[in-house]
Amino acid sequence: MAVARVLIGGAMLAAIAVPAAAQDARMTPMPAPAAPDAIPLGTGPGNSASAPAESWFRQYGVAMTRNVSVATLTPVLPDPARATGAAAIVAPGGGFLMLSMENEGWRVARALADRGIAAFVLKYRLKPTPADLPGFERAVNAMFASVGQPRARLGPDAAAAGLADQIADARAAVRLVRTRAGEWHVDPNRIGMIGFSAGAMTTMVTALSAPDTKLAFIAPIYGSMEAVTVPRDAPPLFAVLAADDPLFARKGLGLIDAWQRAGRPVEFHLYQGGGHGFGLGKPGTTSPGWFDAFTRWLSVGGITTPMSITGPSSGAAG
């Protein structure tokens, strides 16, 4: 079906557009990395209950995981002396079949922490895939053929019904950060979410279908630009796309138009080159500029204005 083709195409593209120095397209198994700081979110297996055991692999030199049935959140915190009080839930992409944990998770989180923003990498639940890596690769490649086809359109409004697990994981992540805000030097009113590709979709549908989550900002990076229904209290939006993105470019900018029509704050950066899945930026293009623009946007909007966060009790926001 068309929806599945869009999402799985995004998974492959997220793997393709990684640093130019790493060009090995083979999927090679790797041990699960140590994750002593990962906090289980307790959202249950959900639709991934029938999935084989979680497994990790490398492609294009970066670590990825699949068959995730236990959602976790990993804090990547700034030096307390530099903490601004702002926080971002980071949702990697991978077409809901895998997660680009290194390129769109850990690296982004470290970059945020370097700017004084507490980052929390969300490993959300995924759709089941074949246990063997060759079978998984064949399944992904079979769907990849339809990437970019005009009929393979998917807007966040339409996607919400199929992403119950991912929305639940994102909401649980926000609740956890609010609960422990004092411990992590976070202002519970300045928690936002940034997502990449499928993670951008997760970010968007969480903001639109779970308004009680009350995100301070959202940043969908190379996500769907299709129109959505924007509530009056929608969070400020920062969006990024490359003009040569084979998945979401040339399908209109309805998302940006909808935010403008709703009178909500919006900033949009369309880069000439970068493709899809460029993470913090593709070398040789202007796309690496998005991260500096994003942190300036947060600063101008008052999100990263330093403030005093006092005591664990400040984290007890509902």
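The legends below describe close-up views of a sheet, a helix packed on it, and several salt bridges in a predicted model. Because the model is predicted, local features need pLDDT of at least 70 and side-chain atom pairs count only at pLDDT 80 or more, whereas totals for chains, interfaces and linings use all residues. Residues are numbered from 1 along each chain as its sequence is written, and side-chain values use heavy atoms, with hydrogens and water left out.

**View 1. An open sheet of 8 strands with mixed pairing.** The strand order is 2-5-8-6-9-10-11-12, where strands (E, at least two residues) and helices (H or I, at least four residues) are DSSP runs numbered from the N terminus, and two strands pair if DSSP finds at least two bridges between them. At the edges lie strand 2 (39-40) and strand 12 (266-271), each of which pairs on one side only.

**View 2. Strands 10 and 11, with helix 8 packed on the sheet.** Strand 10 (residues 218-221) pairs with strand 11 (residues 237-242) in the parallel sense, over 2 bridges, and Val240 in strand 11 is the bridge partner of Ile221. Helix 8 (residues 289-300) touches strand 9 (191-196), strand 10, strand 11 and strand 12, contact meaning heavy atoms within 4.5 Å. The direction of helix 8 makes about 170° with that of strand 11; the axes are lines fitted to C-alpha atoms, for helices over the stretch in contact, and angles run from 0 to 180 degrees between N-to-C directions.

**View 3. The salt bridge between Glu102 and Arg58.** In this pair the closest N and O atoms are 3.3 Å apart, a salt bridge being a side-chain nitrogen of Lys or Arg within 4 Å of a carboxyl oxygen of Asp or Glu. Glu102 belongs to helix 2 (residues 102-114) and Arg58 to strand 3 (residues 55-59), so the pair links distant parts of the chain, 44 residues apart. Glu102 counts as buried at 15% relative accessibility, while Arg58, at 33%, is partly exposed (buried is under 20% relative accessible area, exposed over 50%, partly exposed in between, with a 1.4 Å probe and protein chains only). A network of salt bridges links Arg58, Glu102 and Arg107.

**View 4. Salt bridges of Arg171 and Arg180.** The side chains of Asp212 and Arg171 meet at 2.4 Å, N to O, joining the loop between helix 6 (198-209) and strand 10 to helix 5 (residues 164-179) across 41 residues; Arg171 is partly exposed at 25% relative accessibility. Glu183 and Arg180 form a salt bridge at 2.8 Å, N to O, and Glu183 is partly exposed at 44%, as is Arg180 at 27%.
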